[in-house]
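User: I would like to learn how to read a ligand site and a buried polar side chain in a model of this kind. Could you take me through the features one at a time?

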Amino acid sequence: GKMQTPFDIIGEDKLHQLVDAFYTRVAEHPDLSPIFPKDLEETARKQKQFLTQYLGGPQIYTAEHGHPMLRARHLPFEITPLRARAWVSCMHNAMDEVELTGPLREDFFARLNLTAQHMINTPDKDE
Ligand code: HEM
């Protein structure tokens with residue numbers, strides 16, 4: 001049959017747990033919470049859809065929202081190097097919390113880190 005995707009290996013349950021653990025941290029992070037909505041329910045729903053397809057699962061984000069155009073969708077927000085580091089650190093801690101380990105975690109994390117750098121659209125203050 002078809003090759004297993006990273007999405008198949010992680011599984012939907014664990015991916016959803018990861019996203020929920022991530023946004024719990026975002027909500028508590030002083031550098032991130034100010035640019036996110038108070039209610040992160042819909043944001044988390046979209047991120048679950050996005051990461052499903054990012055990991056090779058069904059294209060459910062695109063089916064509902066169209067092409068991700070992630071950088072363009074982030075332009076309304078000031079994404080500084082400081083905020084990118086904060087995002088990546090929330091994701092790192094969320095991966096620890098849900099015990100996502102091994103080479104798959106390392107690859108997934110490395111890719112997210114690159115994508116986060118790509119989202120930067122504003123210099124840090126005093127730079
Ligand atoms: C949406 C911040 C990196 C995927 C958003 C929103 C903010 C944000 C403020 C809008 C939330 C809302 O209104 O619901 C950031 C910051 C980042 C970052 C500060 C630091 C670099 C990333 C990365 C990814 C990502 C690395 C993917 C791997 C998304 C998705 C959405 C989103 C899928 C929803 C887009 C939509 O409205 O359809 N982000 N983000 N973000 N972000 Fe990020």
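Analyst: What follows is a reading of the ligand site and then of one glutamine, and the model is a predicted one.

User: Which protein atom is the donor of the iron atom of the ligand?

Analyst: One looks for N, O and S atoms within 2.8 Å of the metal. Here the only protein donor of the iron atom is NE2 of His74, at 2.0 Å, and histidine 74 has its place in helix H5, which covers residues 70-74.

User: Where does the ligand sit, and which helices supply the shell around the ligand?

Analyst: The ligand sits in the largest pocket, and at least two residues of its shell come from each of H3, H5, helix H6 (81-97) and helix H7 (102-119). Of the 20 residues around the ligand, those that come nearest are Thr43, Lys46, Tyr61, His74 and Trp87.

User: Which polar side-chain atoms should I look at beside the ligand?

Analyst: Here one pairs N or O atoms within 3.5 Å. A polar side-chain atom of tyrosine 61 is 2.5 Å from a ligand oxygen, while for lysine 46 the distance from a side-chain N or O atom to a ligand oxygen is 3.1 Å; tryptophan 87 has a polar side-chain atom 3.5 Å from a ligand nitrogen.

User: Is glutamine 49 buried or exposed?

Analyst: Buried means under 20% relative accessible area. Glutamine 49, which lies in helix H3 (residues 41-54), has a relative accessible area of 9% and is therefore buried. Its side chain joins that of histidine 65 in a polar contact of 2.6 Å, and, neighbours within four places in sequence aside, glutamine 49 is in contact with Ile60, Tyr61, Glu64 and His65.

Notes. Residues numbered from 1 in each chain as written. Predicted model: local features only at pLDDT ≥ 70, side-chain atom pairs only at ≥ 80, totals over all residues. Heavy atoms only, no water. Helix = DSSP H or I, 4+ residues; strand = E, 2+ residues; numbered from the N terminus. Buried < 20%, exposed > 50% of the residue type's maximum accessible area, 1.4 Å probe, protein only. Polar contact = N/O pair within 3.5 Å; in protein donor to acceptor, adjacent residues only side chain to side chain. Contact = heavy atoms within 4.5 Å. Donors = N, O, S within 2.8 Å, 3.2 Å for Na, K, Ca; no water. Near = heavy atom within 4 Å. 1 Å grid on protein atoms, 1.4 Å probe; cavity = no way out; pocket = protein on both sides within 12 Å on 5 of 7 lines; lining within 4 Å. Sits in = over half its atoms within 2 Å of the grid points.
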